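Trainee: I would like a close look at a single part of this model. Please take me through one sheet and the helices around it, and set that part in the whole chain.

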Amino acid sequence: MKRYNLAIVGATGMVGRTFIKVLEEFDLPLNNVYMFASARSAGKAITFNSKEYVVEELTETCFEGKNIDIALFSAGGSTSQRFAPIFAKAGIVVVDNSSAWRMDPNVPLVVPEVNPEDILLNKGIIANPNCSTIQAMVAMKPLHDKYKIKRVVYSTYQAVSGAGHQGYEDLKNGVNGEAPKKFPYPIFANLIPQIDVFEDNGYTKEEMKMVNETRKILHAPEMRITATTVRVPVFGAHSESINLEFENEFDLNELKQVLAEGEGIVMYDDPANAKYPMPLFCEGHNEVYIGRVRRDESIDNGVNLWVVADNLRKGAATNAIQIAQRLMQYWDEQ
């Protein structure tokens, strides 16, 4: 089996460090690994698989002479817009975790359990979807294949780690009454029904990401979707209430079995014994957890799902690494 050279861009950030943890678990066929970050982080030491790596400054020539095959980017949208095309032009496939390329028609937007075939459409850049979209797609794809989704109502309860180090610190420090630095209001003992900026239609950018990314990933441009996204005082793992309306009738027990057999899904649905997914127990795992599965009795062919996943893992690092893993497998098969 061929071994590959991999780069992590944004290695010192929350997602970058999660890349490293998940890579250690996945045991990909790697030869050399390179760590890149901003000038202020250059020179820091990072341990990966018991070996110490020195972080190098991200520049337009930092990859020269390294024969890098894949670069995992998580360094922000502006950095990705500038550097991803430069890496791609040099023959490196970029898997980008920012929002910079997600809606570019020439860039595939991929959740490996859902649309792995789109990986092969890449022209040097593959986009990692938004964290809240990723876990929803894992839950929805087997149901869409079986019953054809007609309409989606998303309500999300998103952890502060989705806002990076500062968001995490706002919750931690808010316990002691310190003023927030990242969020517009205190997040401790509070809910903030705004994630990202508001757009002209009254929805936030985060909400419209879920709408537009869902349509692109499922290749369903006309799917009817609405979303409300809320920041909650939870450190890690996003929770989502997803209401689905199908074109086709369904048997609830059969639907639950379809979910249970879905790739990357853990069914945790035993309400009689108060068993349902919660952030506290899903953090640190790579799978998407589903519970509270019940028929929506207000409409024909409707169902409610409760979906929880670690937003730094499946919602970011794990999904990107799974894309890299599939890409390596496709290359090995050629």
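Mentor: What follows starts with the whole chain, moves to the sheet and its helices, and ends at the start of the chain.

Keep in mind that this is a predicted model. The chain holds 8 helices and 14 strands. Its C-alpha atoms fill a box of roughly 60 × 55 × 40 Å along the principal axes. Is that what a compact globule would give? Compare the radius of gyration. For 334 residues, a compact globule would have a value near 20 Å, and the chain has 20 Å, so the two agree. Buried residues make up 54% of the chain. Now look at contacts between residues at least 6 apart in sequence. Of these, 69% join residues at least 24 apart.

Now the sheet. It is open and has 6 strands. Read across it, and the order is 10-9-11-14-13-12. The pairing is mixed. Strand 10 (224-231) sits at one edge and strand 12 (265-267) at the other, and each pairs on one side only. On average, neighbouring strands are turned by 25 degrees against each other, direction ignored.

Take the edge at strand 12. Its partner is strand 13 (residues 288-295), and the two run in the parallel sense over 3 bridges. You can find one point of this pairing by residue: M267 has I290 in strand 13 as its bridge partner.

Helix 3 packs on this sheet. Follow what it touches: strand 9 (149-158), strand 11 (238-246), strand 12, strand 13 and strand 14 (302-309). The direction of helix 3 makes about 25 degrees with that of strand 11. Helix 5 (residues 205-217) packs on the sheet as well. Helix 5 touches strand 9, strand 10 and strand 11. Its direction makes about 140 degrees with that of strand 10.

Stay with helix 3 (residues 131-147), for it also packs against helix 8 (residues 313-333). Their axes are 8 Å apart, and the angle is about 80 degrees. The two helices are therefore roughly perpendicular to each other. Which residues meet there? Helix 3 brings C131, I134 and V138, while helix 8 brings K314, G315, A316 and N319. By type, the residues of this contact divide into 4 nonpolar, 2 polar and 1 charged.

Last, go to the start of the chain. M1 lies in the segment before strand 1 (4-9). Is M1 buried or exposed? Its relative accessible area is 80%, and the cut-off for exposed is over 50%, so M1 is exposed. Beyond its neighbours within four places in sequence, M1 is in contact with P29 and D332. M1 and D332 are 331 residues apart along the chain, yet their C-alpha atoms are separated by 7.4 Å.

Strand 1 makes a contrast with M1. In strand 1, 6 of the 6 residues are buried, so the strand is largely enclosed by the rest of the structure. In a regular strand, side chains alternate between the two faces of the sheet. Check both faces here. Y4, L6 and I8 are on one side, N5, A7 and V9 are on the other, and all are buried. Strand 1 pairs with strand 2 (residues 30-37) in the parallel sense, over 5 bridges. Within that pair, L6 stands opposite V33 of strand 2.

Key
Residues numbered from 1 in each chain as written. Predicted model: local features only at pLDDT ≥ 70, side-chain atom pairs only at ≥ 80, totals over all residues. Heavy atoms only, no water. Axes fitted to C-alpha atoms, helices over the stretch in contact; angles between N-to-C directions. Helix = DSSP H or I, 4+ residues; strand = E, 2+ residues; numbered from the N terminus. Parallel < 35°, antiparallel > 145°, perpendicular 65-115°, else oblique. Contact = heavy atoms within 4.5 Å. Nonpolar A, V, L, I, M, F, W, Y, C, P; charged D, E, K, R; others polar. Pairing = 2+ DSSP bridges. Rg over C-alpha atoms; globule rule 2.2 N^0.38 Å. Buried < 20%, exposed > 50% of the residue type's maximum accessible area, 1.4 Å probe, protein only.
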